[in-house]
Amino acid sequence: MATEGHKVGVIGAGAWGTALATAIARGGNDVQAWAMEEDVVASINNEHENNRYLAGYRLDPGLTASSDIAAVASGKEFLFLASPSLYLAPTVRKIAGLPGIRDGSTIIAVLTKGFVPAADGPALTLPTIEAELGAAYKDATVYVAGPSHAEEVAMGKITGLIAASSHHRNAIRVRNLLRVPGIMAYASFDTVGVQVCAAAKNVIAVVYGALDALSESSPVFGDNTESLVMAAGLNEIQKIGFAMGATYAETFTSISGVGDLDVTCKSKFGRNRRFGQDIIKTDMLAQFRDLDDLIANVKKIGYLPEGAVACKYVHEIAVQKKLRLPICDALYRVLNKEISPQQCLEELIGNHGEPRDNFARVDLFSRVEVDG
């Protein structure tokens, strides 16, 4: 269990930021969250609930909120960044010169899942924020991930998390802070692998959700098919990870790899799974011209499917590093309105019942295409 009395700030009071904030408060810590929406601040402080982003879940009284980002970020022992990937860098710029951050005394951890744009191609979140924070945080920030839907964390259901950092002491400090009732926390030093798993699994979950929706009426798609796609998806995540500099194969078989992928694909709380289902059931993509238009107007969806944003960056990484990623590439073409979701799955899995030569030309578990 965490030592009592730590002063903790959480920047971003969406569902995940709020859930982890209340879990840390449950461990006896003084936790303050920042939200830009005044109604969120009021509901957390007055009703001990986040009515906008985590409605129906009681929050620990030790969690308070403020719309003053400087007040929340200043003078904290630990600061967790929970802004969406699209807004992470601008948010960090707002707090970089504040007390405790300017001199590097605050330990900063990131909860944001996804890649962020950079001049030389998509980048991971830790090096992105470290560049904004300055020399004091070089290789010293911490990344927190794992199979952790906000709703269950808020309820106190047992959840595993990994705190990853190149700064071993900071990884262990954040791990210890997170060892509160309901959370089993571990340390990792494979920051690249853990970040790639957290970002890329959302792409696979969108495809899984689409397949899940089709399986309801399909004579050939079922649970076995979904497991096939999930396993092949993990294979693609591992390819991306090693291409970007992951150091441990075990990362992909741990809770940050297969664990996070499994819950993101299967849980009823998963937004990316839901997005995949909505693509099939409500023709969600009809309102967008292409993937760039979807990202620019993502608020029209009503929730944030990080997998759609991550898919654009995974495609760029695949092109840059010459990676064959059949599942990720197929989703990219669906979101970019180049093929239909049905064509996507037929290409990936094959036209079953036909002669062998008419099966899919892509081997999901190979680095090369099958020649048919």
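**Close-up views of cavity, pockets and helix contacts**

**Figure 1. The largest cavity of the predicted model.** The largest cavity has a volume of about 50 Å³. The model shown in this and the following views is predicted. The count of cavities of 30 Å³ or more comes to one. Lining the largest cavity are Val207, Ala210, Ile279, Leu331, Val334, Pro341, Cys344 and Leu345. Helices H8, H15 (326-335) and H16 (341-349) are the elements that give two or more residues to this lining. Helix H16 provides the largest share of the cavity lining, namely three residues. In terms of residue class, the lining of the largest cavity holds eight nonpolar residues, with no polar and no charged ones.

**Figure 2. The packing of helix H15 against helix H16.** Which two values describe a pair of packed helices? Two packed helices are described by the angle between their axes and by the distance between those axes. For H15 and H16, the angle is about 160°, and the axes lie 9 Å apart. Because angles over 145 degrees count as roughly antiparallel, H15 is roughly antiparallel to H16. The two helices, H15 and H16, form a right-handed crossing. From H15, the contact draws on Pro326, Ile327, Ala330, Leu331, Arg333 and Val334, while H16 contributes Pro341, Cys344, Glu347 and Leu348. The residues of this contact comprise eight nonpolar and two charged, with no polar residue. Among the residues of the contact are Leu331, Val334, Pro341 and Cys344, and these residues also appear in the lining of the largest cavity.

**Figure 3. The packing of helix H8 against helix H12.** The axes of H8 and H12 are 6 Å apart, and the helices pack at an angle of about 45°. H8 is therefore oblique to H12. The crossing in which H8 passes H12 is right-handed. On the side of H8, the contact is made by Asn202, Ala205, Val206, Gly209, Ala210, Asp212, Ala213 and Leu214. On the side of H12, the contact is made by Asn272, Arg273, Phe275, Gly276, Gln277, Ile279, Ile280 and Lys281. Sorted by class, the contact of H8 with H12 contains eight nonpolar, five polar and three charged residues. Ala210 of H8 and Ile279 of H12 take part in this contact, and both residues belong to the lining of the largest cavity.

**Figure 4. The packing of helix H9 against helix H14.** Helix H9 spans residues 223-244 and helix H14 spans residues 306-321. Their axes lie 11 Å apart, with an angle of about 60° between the helices. H9 is therefore oblique to H14. The crossing of H9 past H14 is left-handed. Ile240, Ala243 and Met244 of H9 meet Val314, Ile317 and Lys321 of H14 in this contact. Five nonpolar residues and one charged residue form the contact of H9 with H14, and no polar residue is present.

**Figure 5. The largest pocket.** About 1,400 Å³ of space lies in the largest pocket. How many residues line the largest pocket, and which of them lie nearest its centre? The lining consists of 44 residues, and those nearest the centre are Gly14, Ala15, Pro84, Arg271 and Leu304. At least two lining residues are supplied by each of the helices H1 (15-26), H4 (88-95), H6 (150-155), H8 (191-215), H11 (255-266) and H12 (271-281). The lining of the largest pocket is made up of 18 nonpolar, 14 polar and twelve charged residues.

**Figure 6. The second largest pocket.** The volume of the second largest pocket is about 340 Å³. Its lining has 20 residues, and Leu124, Leu126, Pro127, Val192 and Gln195 lie nearest the centre. Two or more residues of this lining come from each of helix H5 (125-133) and helix H8. Helix H5 gives the largest share of the lining of the second largest pocket, with four residues. The classes represented in the lining of the second largest pocket are nonpolar, with nine residues, polar, with seven, and charged, with four. Helix H8 thus recurs across these views: H8 gives two or more residues to the lining of the second largest pocket, supplies at least two to the largest pocket, and gives two or more to the largest cavity.

Definitions and conventions:
Residues are numbered from 1 along each chain as its sequence is written. This is a predicted model: local features need pLDDT of at least 70, side-chain atom pairs count only at pLDDT 80 or more; totals for chains, interfaces and linings use all residues. Side-chain values use heavy atoms; hydrogens and water are left out. On a 1 Å grid over the protein atoms alone, a cavity is a set of points where a 1.4 Å probe fits but cannot get out, and a pocket is an open set with protein on both sides within 12 Å along at least five of seven lines; lining residues have an atom within 4 Å of a point. Grid points are joined across faces, edges and corners, and a volume is the space filled by probe spheres set on the points. Ala, Val, Leu, Ile, Met, Phe, Trp, Tyr, Cys and Pro count as nonpolar, Asp, Glu, Lys and Arg as charged, and the others, Gly among them, as polar. Axes are lines fitted to C-alpha atoms, for helices over the stretch in contact, and angles run from 0 to 180 degrees between N-to-C directions. Angles under 35 degrees count as roughly parallel, over 145 as roughly antiparallel, 65 to 115 as roughly perpendicular and the rest as oblique. A crossing is left-handed if the near helix is turned anticlockwise from the far one by less than a right angle, and right-handed if clockwise. Contact means heavy atoms within 4.5 Å.
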